[in-house]
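Here are some exercises to work through with the model open in your viewer. Try each task before you read the solution under it.

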Amino acid sequence: MTQYFLSTEQANQQYVQFRVQFTNVSENATIVLPRWRPGRYELGNFAKNIRNFRVFDSQGKPCVVQKTDTSTWQVANEKGADLRVEYGYYAVDLNAGSTYLSKEQLYVNPVNCFIYLPERINEPCEVNLSIQDNWNIATSLKREGKQLTAATFHELADAPFICSGKLQYNQYEVNGTVFHLWFNGEITVDWKRIIHDFKSFTVKQVEKFIEFPVPHYHFLIHILPYKAYHGVEHQHSTVITLGPTYDVFGEAYSELLGVSSHELYHTWNVKAIRPIEMYPYDYQRENFSRLGYLCEGVTTYMGDLMLYKSGVFQLKDYFREMQAQLQKHFDNFGRFNHSVADSSWDTWLDGYVPGAPGRKVSIYTEGCLLAFVTDVMIRQHSNNKFGLDEAMKRLYFNFALEGKGVSEQDYRTFICELAGDEMNAIFDDYFYGTRPFEAILTEAFEVIGIEMIHQPSRRYSHGRLGFKTIPDGAHHVVKAIYPGSPADLAGMMMDDTIIAVNNHSLYGELDKWLAYFDDEEKHVTILRAGKLLELTLPEVQRNFYLEYTLKQTENPNGAQKKAFEHWSK
Ligand SMILES: [Zn+2]
């Protein structure tokens, strides 16, 4: 058994002090720290936070240690030696997948900061916490006082915990599974509302899969005083960060529902139904997979759809989320250059930043839209007998419960079994190709009596001139340019700072000034790389960025009504 001792003295310096006890190790032991965390498919290189890494033998003598790559330490020791390892971990990031220490809390994602011996990855682990007596501990791990235990390092790596004096707790039960709700931070929790809504979407998800994969589950929710929105899935829990505090049960409540339903769906899809390339996870290198459209695409689609199916979302709420995905898709010219399957592979390169303009798409957005098309095609082919949820249930029983990972071909085979052979062309052209989605989306919406409407963006800069900005104090900074638009023809560049329109300082208002000079030639004053310059925007009589909206067909036919009803259930 590996024993870990964590102490939190001098929390203001934000170093968590680790002492790790390995017994009876092999000669010249190799010690490693994970290089990435499941749920975020890019290297995190957490070893950059490790300070003062030292190894001692059973007599307390320092051992010779050599690093052999960024996250591997080779120890000079005899066979059968007991080793004590000490190091500090700089815990300064507070997001849904990080480790954070302050005077108020110790929040740990073990995959960030717990070293392990690869030869012992399947052996039990024990965590001993030296924390304040008045702190509570929120975790899915087995717990006795300040001691946590895990059956394997994989279980430990997948089990975040929060130690804090500010934890609020409640629970609900569905089909014998207890769902634990933890809130950390300043928040007045509306328990009645949250338990009603969480229970509703949980019941619906469990109904679709028949059973929940694990006997207990924890929602660990950090409420932050500033804008935050992030969730990370685990087999027995999820960590969610959300803020600001005052909006959580107001404007941001639909985000809390959205991220919570999404993460719960991951308990089946990715934690149980998992790409074969990640079965098991290899924490020391990239685990390349093209199945991001399954892991994140289907989860994004189902997370929101389950909220609608369970009555937690109204149709207008569901449309709002779907419209946001459509908007992201159509605004991103990367859709002409890189497929969603290839973008999944490349998350390891730059999957979590905008990156080079027009280079790639998103496993979340394009994956979600294709999941919707798949869902409708299954319904059509089965005459409203089955949907995508049936395919997911079959994957759960045939792969997850059989202890097998899912390959690209497995997913395609299961989908084609339910949606017919014409689905093969959809995979080739849209999942693995860059054919425009517009026609298949319009058609799929039409099947269930929904119209996808587009109109020129009402914002002058978007619709008429073809560029998008974000405000920066009194100015605006260019963040997207539509190819062939007046902005493009004028020579506008990404990250240009717009200071004035027709010599009038913006004072924060870009579109109002542009609209004011509608009838005149428009020129903008730009600050670029420390120099001021003028760009004249040519007149072009057409529209550029479009706005996408969904609405129900006014007079649906019988088939549409039936299909919609079945899709909604
Ligand atoms: Zn996700």
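Two strands count as paired if DSSP finds at least two bridges between them. Keep in mind that this is a predicted model.

**Exercise 1: the seven-stranded sheet**

Task: work out the order of the seven strands in the open sheet, and find which strands stand at the edges.

Solution.
- Start with the order, which runs E4-E7-E2-E1-E10-E13-E12, with mixed pairing.
- Now look at the ends. Strand E4 (50-56) and strand E12 (142-144) each have a single partner strand, so one side of each is left without a neighbour in the sheet.
- From one strand to the next, the twist averages 20°.
- Zoom in on one pair: strand E1 (residues 2-7) and strand E2 (residues 15-25) run antiparallel and share five bridges. Within that pair, Leu6 has Phe18 of E2 as its bridge partner.

**Exercise 2: the four-stranded sheet**

Task: do likewise for the open sheet of four strands.

Solution.
- The order is E8-E9-E14-E11, and the pairing is antiparallel.
- Strand E8 (100-101) and strand E11 (136-139) are the edge strands; each has a single partner, so one side of each lacks a neighbour in the sheet.
- E8 pairs with strand E9 (residues 105-108) over two bridges, in the antiparallel sense. Opposite Leu101 you'll find Leu106 in E9.

**Exercise 3: one residue in its surroundings**

Task: is Thr241 buried or exposed, and what is it in contact with beyond its neighbours within four places in sequence?

Solution.
- Locate Thr241 to begin with: it sits in strand E19 (residues 237-243).
- Check its accessibility. The cut-off for buried is under 20% relative accessible area, and Thr241 has 2% relative accessibility, so it counts as buried.
- List the contacts, leaving out those sequence neighbours: Leu94, Asn95, Ala96, His222, Leu224, Ala228, Tyr229 and His230.
- For scale, try Val25. It is 216 residues from Thr241 along the chain, and the two C-alpha atoms are separated by 39 Å.
- E19 is followed by a loop leading to H4, where Pro244 has its place. The peptide bond from Gly243 to Pro244 is cis, with omega near 0°.

**Exercise 4: helix H5 and two packing partners**

Task: classify how H5 packs against H4 and against H17.

Solution.
- Take H4 (residues 253-266) with H5 (residues 292-309): their axes come within 8 Å and cross at roughly 125°. That makes H4 oblique to H5.
- The crossing of H4 and H5 is right-handed. Residues making the contact include Leu257, Ser261 and Tyr265 of H4, and Val298, Met302 and Met306 of H5.
- Next, H5 with helix H17 (residues 558-568): the angle is about 100° and the axes are 9 Å apart. Angles of 65 to 115 degrees count as roughly perpendicular, so H5 is roughly perpendicular to H17.
- This contact is made by Tyr301, Leu305, Tyr308 and Lys309 of H5 with Phe564, His566, Trp567 and Ser568 of H17.
- While you're here, check the loop between H4 and H5, which holds Pro280. The peptide bond from Tyr279 to Pro280 is cis, with omega near 0°.

**Exercise 5: a hairpin and its next strand**

Task: trace the pairing from E21 to E22 and on from E22 to E23.

Solution.
- Strand E21 (residues 467-472) pairs with strand E22 (residues 475-481) in the antiparallel sense over six bridges. Pro471 stands opposite His476 in E22.
- Two residues lie between the strands of this hairpin, and Gly473 takes a positive phi near 65° there.
- E22 also pairs with strand E23 (residues 497-501), antiparallel over two bridges. Here His476 has Ile498 of E23 as its bridge partner.

**Exercise 6: positive phi outside glycine**

Task: where is Asn175 found, where is Asn503 found, and what are their phi values?

Solution.
- Asn175 lies in the loop between strand E15 (167-174) and E16, and its phi is near 50°.
- Asn503 lies in the loop between E23 and strand E24 (504-505), with a positive phi of about 70°.
- Finish with accessibility: Asn175 counts as exposed at 66%, and Asn503 counts as exposed at 58%.

Terms used. Residues are numbered from 1 along each chain as its sequence is written. This is a predicted model: local features need pLDDT of at least 70, side-chain atom pairs count only at pLDDT 80 or more; totals for chains, interfaces and linings use all residues. Side-chain values use heavy atoms; hydrogens and water are left out. Axes are lines fitted to C-alpha atoms, for helices over the stretch in contact, and angles run from 0 to 180 degrees between N-to-C directions. Buried means under 20% relative accessible area, exposed over 50%, partly exposed in between (1.4 Å probe, protein chains only). Contact means heavy atoms within 4.5 Å. Angles under 35 degrees count as roughly parallel, over 145 as roughly antiparallel, 65 to 115 as roughly perpendicular and the rest as oblique. A crossing is left-handed if the near helix is turned anticlockwise from the far one by less than a right angle, and right-handed if clockwise.
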